[in-house]
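Visitor: Could you take me on a close look at one part of this model, the place where the ligand sits, and then show me how the rest of the chain packs?

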Amino acid sequence: MLRAAGLVKSYRAPSGMPIRVLAGVDLTVKGGEIVVVAGPSGSGKSTLLNVLGLLEDGDGGEVWFEDTRVSALGRSARSQARGRYVGFLFQSFLLLPSLTALENVLLAARYVGRSGAAMRRRARELLAEVGVADRMDHFPAQLSGGEQQRVAFCRAVLNDPPLLLADEPTGNLDDANGAVILGALRGRARAGAAVVVVSHRPEAAAGASALYRLRGGVLESS
Ligand SMILES: Nc1ncnc2c1ncn2[C@@H]1O[C@H](COP(=O)(O)OP(=O)(O)OP(=O)(O)O)[C@@H](O)[C@H]1O
Ligand SMILES: [Mg+2]
């Protein structure tokens with residue numbers, strides 16, 4: 001489902017000095033697999049997910065979704081591929097402040113031109129699955145951090161994307177709710193999705209198909 005080869009990415013520090021974050025990352029994730037990437041703060045985990053999910057361009061290397069080299073596509077084809085393939089769970093949630101929890105979840109369906117009663121029902125079911133059904137009419141500012149994280153999870157999985165990229169999906173959750181989200185991510189993998197989870201938390205690695213560490217800009221098996 002997902003293949004990355006030779007991903008390279010540097011940022012420029014405010015001083016102008018280049019910061020090399022990815023130094024040749026190779027990664028393959030098949031449908032049904034859940035791959036966990038660990039690594040300390042600042043090691044490039046979010047950068048890697050952003051490049052895999054076509055939210056940022058790498059400076060070099062390739063990203064493939066199935067048989068398409070998506071990293072070579074133009075801007076609009078790339079955003080189409082992203083809409084069709086990728087569910088992204090952001091480290092900072094990125095819920096829209098002017099929409100309720102339920103509306104934020106349904107936004108995912110709107111991006112791909114789906115809507116209607118069946119999607120609303122599915123959105124409600126997902127919110128119930130992660131324990132926030134009673135908060136669905138709250139705006140993000142009226143939700144705790146962990147509740148926002150759970151709403152963001154529902155938005156990421158609403159369309160059943162074949163590729164799920166989750167950035168510290170349990171970062172704001174207590175153990176019990178963290179276990180619910182990790183269980184739900186494993187459930188998506190069992191249902192056939194390719195799942196990449198980036199996390200410092202050792203629990204995230206339980207049940208993973210593969211565990212890597214991002215060190216010095218490359219992935220090491222661990
Ligand atoms: N736009 C940017 N400009 C300059 N430097 C950046 C930029 N974005 C990220 N960086 C730097 O790149 C490095 C990797 O950042 P990244 O967010 O990928 O780390 P991370 O592993 O996700 O960390 P955390 O666990 O804290 O979320 C960091 O040292 C960061 O300061
Ligand atoms: Mg990060």
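Guide: Happy to, and let's begin with the elements that line the ligand. In this predicted model, strand E2 (18-29) and helix H1 (45-52) each supply at least two residues of the shell around ligand 1. H1 gives the largest share of that shell, 3 residues. Altogether 13 residues surround ligand 1, and the closest are Tyr 11, Ser 41, Lys 45, Ser 46 and Thr 47. Sorted by class, the shell holds 8 polar, 4 nonpolar and 1 charged residues.

Just ahead of H1 in the chain there is a loop worth a glance. Pro 40 lies in this loop, between strand E3 (34-38) and H1. Pro 40 counts as exposed because 11 other C-beta atoms lie within 10 Å, and the cut-off for exposed is 12 or fewer. Measuring from C-alpha to C-alpha in the model, Pro 40 is 33 Å from Arg 135, a residue 95 places away in sequence.

Now to the interior. The largest nonpolar core has 64 residues, and Val 37, Val 105, Cys 154, Leu 165, Val 195 and Val 196 have the most contacts inside it. Helix H5 contributes the largest share of this core, 6 residues. If you pick out Val 196, you will find that it touches Val 29, Val 35, Val 37, Leu 49, Leu 52 and Leu 165, leaving aside residues up to four places away in sequence.

H5 (145-157) also meets another helix: the buried residues of H3 pack against helix H4 (117-129) and H5. In H3, which spans residues 101-111, the buried residues are Ala 101, Leu 102, Asn 104, Val 105, Leu 106 and Ala 108. After H3 comes Gly 113, with a positive phi near 70°.

Val 157 is a good residue to finish on, since its place is in H5. Val 157 counts as buried because it has 24 C-beta neighbours inside 10 Å, where 20 or more are needed. Again leaving aside residues up to four places away in sequence, Val 157 touches Gly 87, Leu 126, Leu 164 and Arg 188. The C-alpha atoms of Val 157 and Ala 184 are separated by 9.7 Å, with their positions 27 residues apart along the chain.

A word on confidence, too. The chain has a mean pLDDT of 94, and 100% of its residues reach 70 or more. Among its elements, strand E1 (residues 2-12) has the highest mean, 98, and H3 the lowest, 91.

How values were computed:
Residues are numbered from 1 along each chain as its sequence is written. Chains are lettered from A and ligands numbered from 1 in the order in which they are written. This is a predicted model: local features need pLDDT of at least 70, side-chain atom pairs count only at pLDDT 80 or more; totals for chains, interfaces and linings use all residues. A residue is near a molecule or strand if its C-beta atom, placed from the backbone, lies within 6 Å of it. Helices (H or I, at least four residues) and strands (E, at least two) are DSSP runs, numbered from the N terminus. Ala, Val, Leu, Ile, Met, Phe, Trp, Tyr, Cys and Pro count as nonpolar, Asp, Glu, Lys and Arg as charged, and the others, Gly among them, as polar. Two residues are in contact if their C-beta atoms, placed from the backbone, lie within 7 Å. A nonpolar core is a set of buried Ala, Val, Leu, Ile, Met, Phe, Trp, Tyr and Cys residues joined through C-beta atoms within 7 Å. pLDDT is the predictor's confidence in each residue, from 0 to 100.
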